[in-house]
Structures are given as C-alpha cells and as structure tokens.
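Got the model open in your viewer? Keep the selection box handy and we'll walk through it stop by stop.

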Amino acid sequence: MENATQNWLNILETLLRHIRPAEWFTFALFVFLGLLAFWLIDQKIVRLIRRWLIAHDAHTITTIIHLIRLPLAITILAYFTLLGLEQITSLPESIQSRLQRIYPTANLAIIIFFLYRGVDIIAVILRRYWSIQENTLNSRWTEIGTFLAKALIIGIGGMTLLQMLGIPILPMLTGAGFLGAALALASQSTLANAIGSLELIFDRPFQVGDRISFLDYDGFVTRMGIRSIEITSLTGERITLPNKDVVDKQIRNYSKTNDPQLIGCTRILLTVGIVYQHSRTEIQKACQILEEILRSHPKVKKAFARFRALAPSSLEIIGIAWADYKNGDEFFALQSELQLEIKDRFDKAGLQFAYPTQTLFIEKLPGGGIEPPT
C-alpha cells in the first residue's frame, strides 16, 4: 500500500515539475469545455427523450434520463480530458508513452459502460411494455435477457481489456468452454423447458388469464414461467406442467377472439337435446328461446343458438356465448343459472328434453316365427 502511494506521489511530482503553467491552463480549459458540452448536450437529450417517450409515464422517462446521464457525462468528460492531455507536450517521453497506452483502454472502458447502460434502458422500455400487456413470461425473459446481455458485454469487454493490458486470456477461455459444456449437459431438461417458453412467446397460443384445454386438462392459466406453466382447473386444482410438454399439444383457447368487443370474455358452450317428436317450428322455437336466455344474462356479451345435429337419441341444439367469467366458481355459477333458466323456459313452452333411449324393432316372419333382433 505504501509503495503504491509512493508511486502515485512520484508521478504527481513529475507532472507538477514538468508541466508548464500555460499547459495546465490549457488542460483546465478543455475540462471546462467538457463540462459545458455535457450540460448543453444533456439539456438537448433530455428534451428529445421527453418528446420521443411522450406516451410513457413520468417514472419511465425519469428512469431512462437517469440511466443515460451518467454514461453521457463520463464519455464527454473523458474525451475532453484526453484532448487536454494531448496538449501537454513538456512531459518526459516515458510518461507520454504511458498516456498513449491509456487512451485505447479508456475508450474501450467507456464503450463497455455505455453498452451496459444501454441494456438497462432497453430493459426499462420492455418491462413497461410487458407490464401494460400483463405478460409475466415476457417480463421474466426480459430479466434473463438483460442479465445475459450484461454478462456478455462484461465478459467480452473484460477479456479484451485484459488482452490489451498484456494478460493472457486463452486459459480463461478454455476453462469457460469446459464449464459451459458441463452446465449444458447437466441442465438439458431445463434448457428444453426454456426453449419451450420461447416458443410460447413467439406463437402466443395463450396468455395468463385465458381458459385453455388439452388432453384431460381444462382451466385458467394462472402463471407462465421459464420452466413451467400453472393451470387452475375449473374444479380448483392447481396443475403445474413443464413447458416442453405443452408446446407440442393441440390447445383449445376459449378466451382468444378476433373481436375487439369480446376481449376479456371467455366462450361457454351449452348443448340441449329435445325429443324427435318435435316439429320444425318447435325446433326453431327452442333455438330462439335458448338464444334469448343466453343474451339476457348480464355477464354474456354475445351469444347465438343453432340446431346442431340429428343425434342418436335427440335433436341437438347448441348455444355458444362469450361471457365474463375468470375462474371455475364463476363458470359453474353461470352455467347453473343458464341451465335453470333453460329448464323453466322449455317446460313452459312445452318442449320436452330427450334422454338416452333405444327403440327395439321386432319383425314377424311369414311362417309365424319371429326374427331375433339384431
């Protein structure tokens, strides 16, 4: 510690002894010009940022200004300081050669710091964008991407700085390569799930809050993570599924629609079967009643009913509605209210519900025998 302090004192004594007062004045003038340039550029950039980000909130704008101000100040002051040092010509050759070696190192350090803060600025904008969309998976990937970008900048920049200072970096690169290969082999499943989460981001088959179904699962997406997604089933169970097991499945999304008026609504399907004895007029009446029931409910935004099929034991009528329900309790409550109203209205209209039946035909043969049923 004492040796280092003595070295700095010796360098300072050399500078004071060799630098002429006029050169000190010139150096101070360049530093002052650097401060003035920073003040002017800072004022201009602040105005531009407020104009470009006028749609963002005040907190986001203030954060971005704060992040860009420090690297801007360091960059401008460093370059004006280096320009001021170049004006000093009375230093010994040994000190001037040392200063010449400092210039490229200082330039690289400034670039690294500027890129590091640039990643922070991009992350702030992305976090604000994803928070508006309430997409937690994209927010988590923003955090991971920010960390990886910073690590890459520091890693590459640090290796380059070490190389410029004459420190060998080949052993470090070899060790980092072996470590990366070992980590990749040990975390294959984690990497597969991470890649699956990226596919979910790019394909966007669903988002948090959507009701989806695939295989035996049916429920609302409550969390989307890097490794897994969480579904709350209609009956309340929480199911955690790895991303790699979800991306390859055929998924039904009951909440996704192209109609902007139905954003936030989820589809509900009701099927009613009436007996075959009903006429065409009665079938049309049943469709009309079912549609009126669906549309009159306060939670339903849009609905229609149609005669769907000649089913084996019934005339099948289907009602499709888009309603505002967010969990299984609300779904079953809505379904119960609609089905109770359907029962009352169909009974009053004289429409009979079908139930599974089987008609047995027995044909009498000419000789008096009976052909067994098939």
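A salt bridge here is a side-chain nitrogen of Lys or Arg within 4 Å of a carboxyl oxygen of Asp or Glu. Bear in mind on the way round that this is a predicted model.

**Stop 1: salt bridges**

Start by selecting E291 and R306. They form a salt bridge, and the closest N and O atoms are 3.5 Å apart, so the pair falls within the 4 Å cut-off. Now colour by secondary structure: E291 lies in helix α9 (residues 280–296) and R306 in strand β7 (residues 300–310), so this contact ties together parts that are 15 residues apart in sequence. Switch on a surface and check each partner. E291 is buried, with a relative accessible area of 18%, whereas R306 is partly exposed at 47%.

Next, pick R308 and E316. This is another salt bridge, with 3.6 Å between the closest N and O atoms. R308 is partly exposed, at 49% relative accessible area, while E316 is buried at 18%.

Now go to helix α10 and select D347 and K343. Their side chains meet in a salt bridge, 2.4 Å from N to O. How far apart are D347 and K343 in helix α10? They are 4 residues apart, which means about one helical turn separates them. D347 counts as partly exposed at 40% relative accessibility, and K343 counts as partly exposed at 40% too.

Go back to E291 and R306 and add R295 to the selection: salt bridges that share partners join E291, R295 and R306 into one network. If you want to hunt for others, the structure holds 10 salt bridges.

**Stop 2: aromatic rings**

Hide the charges and show Phe, Tyr and Trp side chains. How many aromatic pairs does the structure hold? There are 6.

Zoom in on F220 and Y325. This aromatic pair is edge-to-face, 5.9 Å centre to centre with 90° between the planes. F220 sits in strand β2 (residues 217–224) and Y325 in the loop between β8 (315–323) and α10 (328–348), so the pair ties together parts that are 105 residues apart in sequence. Buried or exposed, F220 and Y325? Both are buried.

For another geometry, select F346 and F353. These rings are stacked, with 5.4 Å between centres and 15° between the planes. F346 is buried, with a relative accessible area of 0%, but F353 is partly exposed at 27%.

Before you leave the rings, select F220, Y325, F331 and F332 together. Ring pairs link these residues into a cluster.

**Stop 3: charges over rings**

Bring back the Arg and Lys side chains. Select R211 and Y254 first: R211 lies over the face of Y254, 4.5 Å from the ring centre. Then try K302 and W322. Here K302 lies over the face of W322, at 5.9 Å from the ring centre.

**Stop 4: helix α2**

Select residues 21–52, which make up helix α2. This helix has 32 residues and reaches 46 Å from its first C-alpha to its last, close to the 46 Å expected at 1.5 Å a residue.

Colour the buried residues of α2 in one shade: E23, F27, F30, G34, A37, F38, D42, V46 and I49. Then give a second shade to F25, L29, F32, L33, L36, W39, L40 and I41. This second set forms a nonpolar patch on the surface, with about 800 Å² of accessible area together.

**Stop 5: helix α3**

Move on to residues 58–86, helix α3. Put a distance label on the C-alpha atoms at its ends: they are 42 Å apart, which agrees with the 42 Å that 29 residues should span at 1.5 Å a residue.

Which residues of α3 are buried? Select T60, I61, I64, I65, L67, P71, L72, A73, T75, I76, L82 and G84 to see them.

**Last stop: L162 and T105**

Finish with L162, found in helix α5 (residues 136–164). L162 counts as partly exposed, at 24% relative accessibility. Add T105 and draw a C-alpha to C-alpha distance: L162 and T105 are 57 residues apart along the chain, and their C-alpha atoms are separated by 9.6 Å.

Conventions. Residues are numbered from 1 along each chain as its sequence is written. This is a predicted model: local features need pLDDT of at least 70, side-chain atom pairs count only at pLDDT 80 or more; totals for chains, interfaces and linings use all residues. Side-chain values use heavy atoms; hydrogens and water are left out. Patches are made of residues with over 30% relative accessible area and no salt bridge: like charges are joined within 9 Å, nonpolar side chains (Val, Leu, Ile, Met, Phe, Trp, Tyr) within 5 Å. Accessible areas come from the Shrake-Rupley method with a 1.4 Å probe; for residues, only the protein chains shown count as cover. Helices (H or I, at least four residues) and strands (E, at least two) are DSSP runs, numbered from the N terminus. The expected span of a helix is 1.5 Å times one less than its number of residues. Buried means under 20% relative accessible area, exposed over 50%, partly exposed in between (1.4 Å probe, protein chains only). Rings of Phe, Tyr and Trp (its six-membered ring) pair if their centres lie within 6.5 Å; planes under 30 degrees apart count as stacked, over 60 as edge-to-face and the rest as tilted. A charge sits over a ring if NZ of Lys or CZ of Arg is within 6 Å of the ring centre and within 35 degrees of the ring normal.
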